[in-house]
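User: I have only just opened this entry, and I would like to learn how to read it one feature at a time. Please take me through it slowly, giving the idea first and the case second.

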Amino acid sequence: MIDNHILAPVFIHLLTAIVQLIAWRKTVTQRFLSIGGTFLGLLIAIRLFTKVYNEGILTMNASNWDAPFGIVFVADTLSTTLVLLTSIAGFAVSIFSATGLSRQRMRYGYFPIFHFLLMGLNGAFLTGDIFNLYVWFEVIIISSFVLMTLGGRKAQLEGGVKYMAMNILASTFFLTGIGILYGITGTLNMADLALKIQLVQNQTLVGITSCFFIIGFGIKSAVFPLYFWLPSSYHTPPSAVAATFGGLLTKVGIYAMYRVFSLIFVPDEFTKDLLMGMAILTILTGAFGALIKTNIRRLFSYLIVCHIGFMIGGLAMFNKAALMGAVFYLIHDIMVKTNLFLIAGVIRQLGGTMDMTKLGGIYKEYPKISLLMALVLFSLVGIPPLSGFWPKIYLFQAAFEYNQYFYVAALIIGSFFTLYVIAKMWSEVFWKDPSSDEVIEDKFKPLPLFRKILLILPICILCSVTLFIGLNAEAVIQVTERIVNQMLDTRPYIEAVLGK
Amino acid sequence: MRSIILQTATKYLLPILLLFSVFLLLRGHYEPGGGFVGGLVASIAFVLHSFAFGTENTMKILRRKPMSLIPIGLGIAALSVIAPTFFGLPPMTGLWFEEPIPVIGMIGSSLFFDLGVYLVVIGVVLTILFTISLTED
């Protein structure tokens with residue numbers, strides 16, 4: 001069905017960014033505009049999600065050019081769910097940025113760039129054209145370069161160079177893949193590609209082309225052996241930026257992988273084995289990496305890598321139970337990972353550092369905030385009935401059913417090491433008595449109440465969404481089931497786009 | 001660098017280059033040209049002026065910071081993209097006036113998109129170049 005308003009989540013952030021550019025250097029105005037803009041974006045995303053959930057897949061032919069020739073935008077359940085989660089995360093991060101970020105960074109255009117980033121994310125989720133997907137990826141990485149290096153500290157620039165080099169490499173692979181794909185099929189529309197790719201006689205060439213996409217999206221979503229840029233860059237920017245990156249940027253790579261490998265290249269045995277091998281090694285390297293880190297944000301960065309492996313493994317098995325687990329994990333992961341980096345930011349305010357060996361005694365000082373953080377950490381680990389638990393059931397079930405015992409082992413090791421590092425972090429940061437040899441400055445206590453609320457409120461919002469996902473898993477499973485059915489049977493998608 | 005030849009030549013070249021940039025902007029829809037090229041030519045006109053008379057004097061004839069052109073241009077372009085949705089058409093659809101207007105030719109929403117690009121390009125190029133030339137001093 002055609003709906004001309006599905007790009008509203010993109011335009012709301014574009015317009016917010018433009019108005020903020022007019023209010024250049026007026027940091028207070030920009031803060032209000034940002035919170036207002038992301039709130040409106042959230043309402044629009046909820047409206048779009050319910051509309052798609054009730055009425056089915058919506059499409060929009062940009063410039064009124066018909067489907068395979070013009071650029072088409074498609075809102076199906078997978079994309080609207082991700083737009084909704086992005087909007088929730090964006091709203092929370094924008095509240096957090098209003099007080100958790102230095103005025104200097106705001107003066108040099110943090111907020112407009114943040115909204116351009118959200119615009120790029122929403123655009124990437126909604127597009128139905130593979131070259132247009134590339135363009136949205138460019139919007140995302142250009143804004144993320146700016147966010148990463150804004151402030152210009154030495155460590156930031158170092159992280160920024162690694163991040164930029166790997167992401168440009170990823171874009172090159174992605175673009176080369178698109179070029180070959182266009183050469184062998186003559187179309188860029190994803191629904192049209194899904195039909196035409198089956199008619200290509202040289203299926204080996206199709207298989208090789210799919211490897212370009214695996215490498216391109218693999219770098220973006222930080223899978224083994226292409227993950228190393230992530231832990232060496234995510235601990236450098238301020239926490240609000242790291243939260244957006246950690247929660248959303250790698251997940252765009254995962255989304256693109258789900259979309260391309262369910263619609264265009266349906267995985268054959270070789271692709272499945274390749275993805276499964278990558279998934280297992282990603283889980284293991286992420287888990288082992290997290291084990292030895294003492295900086296909280298570096299630890300969380302390795303956990304991102306570890307849990308990316310869970311989602312890739314679900315895709316690699318490519319059956320209903322596995323995909324249910326993977327998509328559910330994606331939903332849970334966006335909320336929790338965003339929240340983790342916000343928590344890291346608050347811990348820095350409370351203890352003055354992110355080094356676990358120097359922190360301590362936060363539970364004694366702030367019991368309520370600590371319990372709030374504990375809820376999030378428990379959800380991450382997957383204590384039943386919290387949100388990290390449910391997707392793992394599906395993943396285990398699918399892995400046993402299809403005899404993927406290495407993946408089962410990796411899942412167990414990954415979950416166990418996550419539990420271990422989180423328990424270690426909890427005892428070091430919250431329970432241990434602070435090391436007495438140096439006086440740690442508490443930046444949180446002198447803040448006025450209003451600013452304290454602004455720091456804690458986004459964590460509460462994300463935490464309540466996580467709790468909702470965990471305690472109301474039935475509803476989330478229904479949404480997930482619909483997403484997975486659309487991934488396994490792509491005919492409704494193709495029909496909606498091409499109108500046949 | 002203050003050369004009387006360059007200064008005199010610039011006085012004549014500046015309006016000609018600006019006119020040429022508008023010409024490029026207006027013919028861009030069907031023939032080579034458009035907002036991006038037009039914007040580059042217009043910014044070259046100001047760059048030439050800053051070579052001849054110094055960046056401070058160019059800032060004076062511009063009256064406002066070139067950076068303020070960026071949101072204006074982006075705003076015009078964004079509105080021209082969104083405008084068709086108010087007529088029940090998909091975004092970015094070209095809306096055209098029925099009759100051509102003398103000198104300018106056909107006017108449609110894509111011309112406003114080009115105008116937005118034109119302003120953004122001038123804003124970005126001049127902001128970058130002026131920032132570099134002012135920090136050098």
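**Reading the two chains**

Analyst: Let us begin with the order of elements in chain B, which from one end of the sequence to the other reads α-α-α-α-α. Counted by type, that is five helices and zero strands. Please keep in mind throughout that this is a predicted model.

User: What box do the C-alpha atoms of chain B fill, and what percentage of its residues is buried?

Analyst: Taken along the principal axes, the C-alpha atoms of chain B occupy a box of roughly 55 × 30 × 20 Å. A residue is called buried here when 20 or more other C-beta atoms lie within 10 Å of its own, and 35% of the 137 residues in chain B are buried. If we look at contacts in chain B between residues at least 6 apart in sequence, 67% of them join residues at least 24 apart.

User: Which parts of chain B does UniProt list as "transmembrane region"?

Analyst: An unreviewed UniProt entry gives that name to residues 12-30, 36-55, 67-87 and 107-132 of chain B. We can set such a record beside the model: residues 12-30 of chain B are 84% helix and 0% strand, with end C-alpha atoms 29 Å apart, whereas residues 36-55 of chain B are 95% helix and 0% strand, with end C-alpha atoms 23 Å apart. The unreviewed entry in UniProt also lists residues 5-127 of chain B as "domain: Na+/H+ antiporter MnhB subunit-related protein", and in the model that span is 67% helix and 0% strand, its end C-alpha atoms lying 27 Å apart.

User: How should I think about an interface, and how many residues does each chain bring to the contact here?

Analyst: The size of an interface is often given as the accessible area lost when the parts come together. Here we can count residues instead: 14 residues from chain B and 15 residues from chain A take part in the contact. The side of chain B that touches chain A is made of 10 nonpolar, four polar and no charged residues.

User: Turning to chain A, what span should helix H3 have, and is H3(A) enclosed or open?

Analyst: One can reckon 1.5 Å for each residue and compare the result with the model; helix H3 (residues 77-100) of chain A, with 24 residues, should therefore span 34 Å, and its end C-alpha atoms are 33 Å apart, which agrees. Because 23 of the 24 residues of H3(A) are buried, this helix is largely enclosed by the rest of the structure. Helix H5 (residues 110-126) of chain A can be read in a similar way, since its 17 residues reach 25 Å from first C-alpha to last, close to the 24 Å expected at 1.5 Å a residue. H5(A) is mostly covered, with 17 of its 17 residues buried.

User: How do I read the faces of a strand, and which residues of strand E2 of chain A lie on each side?

Analyst: In a regular strand the side chains alternate between the two faces of the sheet. In strand E2 (residues 72-75) of chain A, Val72(A) and Val74(A) are on one side and Phe73(A) and Ala75(A) on the other, and all are buried. Strand E1 (residues 58-61) of chain A is joined to E2(A) by four bridges, and the two run antiparallel. Within that pairing, Asn61(A) has Val72(A) as its bridge partner, while Leu58(A) stands opposite Ala75(A). In E1(A), Leu58(A) and Met60(A) point one way and Thr59(A) and Asn61(A) the other way, and all are buried.

User: Which residues have the most contacts inside the largest nonpolar core?

Analyst: They are Leu315(A) and Ile347(A), in a core of 216 residues. Helix H13 (residues 320-351) of chain A supplies the largest share of this core, 21 residues. Beyond its neighbours within four places in sequence, Leu315(A) is in contact with Met257(A), Tyr258(A), Phe261(A), Leu275(A) and Ala326(A).

User: To finish with single residues, where is Ala399(A) found, and where does Phe224(A) lie?

Analyst: Ala399(A) is in helix H16 (residues 389-401) of chain A, and it is buried, with 24 other C-beta atoms within 10 Å. Although Ala399(A) and Met317(A) are 82 residues apart along the chain, their C-alpha atoms are separated by 7.7 Å. Phe224(A), by contrast, lies in the loop between helix H9 (203-220) and helix H10 (239-263) of chain A, and it counts as buried because it has 21 C-beta neighbours inside 10 Å. Leaving out residues up to four places away in sequence, Phe224(A) touches Met278(A), Leu281(A), Thr282(A) and Thr285(A).

Methods: Residues numbered from 1 in each chain as written. Chains lettered and ligands numbered in written order. Predicted model: local features only at pLDDT ≥ 70, side-chain atom pairs only at ≥ 80, totals over all residues. Contact = placed C-beta atoms within 7 Å. Nonpolar A, V, L, I, M, F, W, Y, C, P; charged D, E, K, R; others polar. Buried ≥ 20, exposed ≤ 12 C-beta atoms within 10 Å, placed from the backbone. Expected span 1.5 Å × (residues − 1). UniProt positions renumbered as here; feature names shortened; annotations may be inferred. Core = buried A, V, L, I, M, F, W, Y, C linked by C-beta atoms within 7 Å. Pairing = 2+ DSSP bridges.
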